[in-house]
Amino acid sequence: MSFAYDERIDGKLPDFDRDATIAALQAAVPDLAILHSTEHLRPFECDGLSAYRTLPLCVVLPETIEQVRGVLRCAKARGIPVVARGAGTGLSGGAMPLAKGILLVMAKFNRILEIDPIACTARVEPGVRNLAISQAVARHGLYYAPDPSSQIACSIGGNVAENAGGVHCLKYGLTVHNILRVDIVTIDGELITLGSDALDSPGFDLLALFTGSEGLLGVVVSVTVKLLKIPLRAKVLLASFNDVQKAGAAVASIIGAGIIPGGLEMMDNLAIRAAEDFIKAGYPIDAEAILLCELDGTPSDVDEDMQRVEAILGEAGATDIRIARDEAERTKFWAGRKNAFPAVGRISPDYYCMDGTIPRRELPKVLTGIAKLSKEYGLRVANVFHAGDGNMHPLILFDANTPGELDRAEGIGGKILELCVEVGGSITGEHGVGREKINQMCVQFSADEIVFFHAVKAAFDPYGLLNPGKNIPTLHRCAEFGSMHVHHGQVPFPDLERF
Ligand SMILES: Cc1cc2nc3c(=O)[nH]c(=O)nc-3n(C[C@H](O)[C@H](O)[C@H](O)COP(=O)(O)OP(=O)(O)OC[C@H]3O[C@@H](n4cnc5c(N)ncnc54)[C@H](O)[C@@H]3O)c2cc1C
């Protein structure tokens with residue numbers, strides 16, 4: 001049996017009998033926890049992108065690798081799709097279930113298996129929360145660098161699947177740069193290792209290929225992460241601007257001067273006000289934009305670079321510069337930024353978080369473009385983002401109960417991503433494509449490139465059963481979306497029309 005489908009999949013799939021599926025799972029994996037009543041399925045109907053919701057056929061919560069293998073073998077034998085889920089904090093609908101699919105929830109894989117303070121590594125199960133890794137290794141003076149703002153809740157398995165980023169990633173790299181090895185179970189139920197405990201492995205770099213593959217290639221059952229020494233000193237500076245463009249230009253100037261901050265974040269006035277109202281971080285609510293710039297390293301390096309950054313920001317037009325006086329104030333400055341999303345959630349019934357990446361020098365142009373689109377669509381947009389790596393997070397405020405607002409939010413979101421591509425950027429920096437940005441994949445990639453993606457998917461999952469309808473658009477879909485060249489009404493590669 002072979003499937004390769006888009007989100008219309010549920011319509012095309014055969015009807016799987018829920019009772020028969022559960023009986024088959026129970027027979028294949030006798031001790032497996034299975035949820036199937038509507039009441040029990042409801043909490044799993046969406047991820048952090050709550051605009052798209054579906055109840056799965058059933059939810060399974062395996063505790064052992066053998067159970068994961070059993071579930072996948074059973075799914076394969078019956079041709080039932082499987083969607084893996086970590087903590088469900090994803091913002092692109094990646095873990096959104098299929099009505100005719102099994103949702104494989106990895107929450108019970110929550111053990112830290114091994115900490116090696118000499119090699120500076122830890123081997124953990126995929127359901128371990130991102131922040132829990134740093135907390136567990138802090139006694140060795142170590143931490144795990146990638147720090148999504150959701151780190152209190154999101155799982156390391158989800159981080160691998162999304163190639164998650166965070167404030168620290170400007171200096172220390174994304175998830176892919178901070179892991180050594182993952183063990184995965186394939187759709188055939190085979191346990192395989194990608195990468196190794198050594199710093200380099202021979203052969204194709206399947207670890208890098210797998211990282212960011214959004215649950216389409218296999219299920220992560222353990223992750224070996226690299227750990228870093230906690231820096232001797234970390235200082236954060238808050239700079240205020242009366243002009244968003246100037247703040248954007250200042251970001252490029254700092255990096256252009258050869259300084260790589262441990263974090264360089266930007267918030268505009270709407271985001272500043274929302275965060276201040278929620279967290280009382282000490283933000284200047286009249287500023288049009290603020291930059292948070294953290295420097296870390298040895299005390300002398302940090303102090304020297306801090307002076308240089310202050311000078312650059314002064315030249316760039318900062319109206320006020322404040323260095324956090326102590327650790328408590330530093331934590332407060334960051335708490336405002338890290339809670340900016342929930343803070344914006346307090347000022348609008350709904351918000352839609354976009355995630356595009358652009359070359360840093362284009363920040364002023366793209367911020368102007370977003371402001372124009374905001375007026376055109378009549379929706380407020382709060383900007384809060386990883387400015388240092390050009391990773392924008394425009395939060396589009398709307399009310400799903402007002403007819404037409406969700407459509408408008410999706411419309412402006414799509415336009416913002418297209419603007420990112422236009423200036424040489426990409427449609428996702430860290431939140432993934434999932435279900436949400438599948439149309440924009442057609443804007444970003446050519447038909448040939450999408451065919452390669454399908455080929456990679458098929459090499460791992462020839463049956464198309466792992467998280468189908470996410471991440472890779474069908475060529476047909478791209479043709480319908482209007483972004484792909486169509487000859488005489490035919491999509492390119494007619495043999496792939498069924499995709
Ligand atoms: C308030 C807020 C702030 C955020 N800030 C950031 C940020 O700063 N940086 C950032 O990168 N992201 C951020 N995110 C997005 C999100 O937290 C990340 O994408 C995170 O990596 C998702 O992890 P999760 O465990 O919740 O995964 P889920 O949402 O459960 O799943 C995400 C994807 O991973 C797949 N998956 C999950 N577990 C496995 C597994 N074991 N094996 C194979 N596939 C799997 C799923 O199928 C899905 O495609 C934020 C989200 C929120 C709500």
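Which residue just after helix 11 takes a positive phi? In this predicted model, the residue is Gly-317, with a phi of about 100 degrees. The helix that comes before Gly-317 is a good place to start looking at how the chain packs.

Helix 11 runs over residues 299-315, 17 residues in all. From first C-alpha to last, helix 11 reaches 25 Å, close to the 24 Å expected at 1.5 Å a residue. Its buried residues are Val-302, Met-306, Val-309, Ile-312 and Leu-313. These sit on the same side of helix 11, because they cover an arc of only 130 degrees around the axis. That fits the general rule: an α-helix has 3.6 residues a turn, so residues three or four places apart point the same way. Flip to the other side of helix 11 and the exposed residues turn up, namely Ser-300, Glu-304, Gln-307 and Glu-315. As for what covers the buried residues, the list includes strand 12 (233-241), helix 9 (244-256), strand 14 (289-297) and strand 15 (320-323).

Leu-313 deserves a look of its own. Setting aside neighbours within four places in sequence, Leu-313 is in contact with Leu-237, Ala-239, Phe-241, Ala-250, Ile-254, Leu-291, Ala-318 and Ile-321. Leu-313 also belongs to the largest nonpolar core, which has 54 residues. Along with Phe-241, Met-266, Leu-291 and Ile-396, Leu-313 touches the most other members of that core. The largest share of this core, though, comes from helix 15 (residues 405-422), which supplies seven residues. A second core, separate from this one, has 30 residues, among them Val-124, Leu-207, Val-225 and Cys-478.

Methods. Residues numbered from 1 in each chain as written. Predicted model: local features only at pLDDT ≥ 70, side-chain atom pairs only at ≥ 80, totals over all residues. Heavy atoms only, no water. Helix = DSSP H or I, 4+ residues; strand = E, 2+ residues; numbered from the N terminus. Expected span 1.5 Å × (residues − 1). Buried < 20%, exposed > 50% of the residue type's maximum accessible area, 1.4 Å probe, protein only. Arc of directions from axis to C-beta. Contact = heavy atoms within 4.5 Å. Core = buried A, V, L, I, M, F, W, Y, C linked by side-chain atoms within 4.5 Å.
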